[in-house]
Amino acid sequence: MAAHIVLEKIKNGAKVIDVRTEDEFADGHYEGALNIPVGELQSRMNELGDKNTPLVLYCASGARSAMAAKMLKAAGFTDVTNAGGLSDMP
């Protein structure tokens, strides 16, 4: 995903979700990101709010966030963006 698109979504109020492990998150994360490891996502979707809330997901490389994006879309979330890895974040 292009960084300018991700940045625009964040500026417009998207929630940033880090789907890496708690240890990875503790080692450094995007400012303001909420840590919900991909393995816990199914049971913690209620923390994401309305299903129309824009969400920006990232992990270390983009693989886990791609999996998380599929899960969220399947659950009815309408505005889900996979930003890729932490290094791809604007």
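Modeller: Contact here means heavy atoms within 4.5 Å. The model is predicted.

Colleague: With which residues is Leu72 in contact, leaving aside its neighbours within four places in sequence?

Modeller: Leu72 is among the four residues that touch the most other members of the largest nonpolar core. That core has 15 residues. Sequence neighbours within four places are left aside. The contacts of Leu72 are then Leu41, Met45, Leu48, Leu55, Leu57, Phe77 and Val80.

Colleague: Which elements each supply at least two residues of this core?

Modeller: Leu48, Leu55, Leu57 and Leu72 touch the most other members. Strand E3 covers residues 55-59, and helix H4 covers residues 63-74. The elements that each supply at least two core residues are E3 and H4.

Colleague: What is the strand order in the open sheet?

Modeller: The sheet has four strands with parallel pairing. Its edge strands are E2 (34-35) and E4 (80-85), each pairing on one side only. E3 and E4 pair over five bridges. The order is E2-E1-E3-E4.

Colleague: Which residue in E4 is the bridge partner of Tyr58?

Modeller: Tyr58 also belongs to another core, of 11 residues, apart from the largest one. E3 and E4 run in the parallel sense. The bridge partner of Tyr58 in E4 is Gly84.

Colleague: Is Ser65 buried or exposed?

Modeller: Ser65 sits in helix H4, which lies across E3 and E4. Its contacts include Leu57, Tyr58, Asn82 and Gly84. The cut-off for buried is under 20% relative accessible area. Ser65 has 0%, so Ser65 is buried.

Definitions and conventions: Residues numbered from 1 in each chain as written. Predicted model: local features only at pLDDT ≥ 70, side-chain atom pairs only at ≥ 80, totals over all residues. Heavy atoms only, no water. Pairing = 2+ DSSP bridges. Axes fitted to C-alpha atoms, helices over the stretch in contact; angles between N-to-C directions. Core = buried A, V, L, I, M, F, W, Y, C linked by side-chain atoms within 4.5 Å. Buried < 20%, exposed > 50% of the residue type's maximum accessible area, 1.4 Å probe, protein only.
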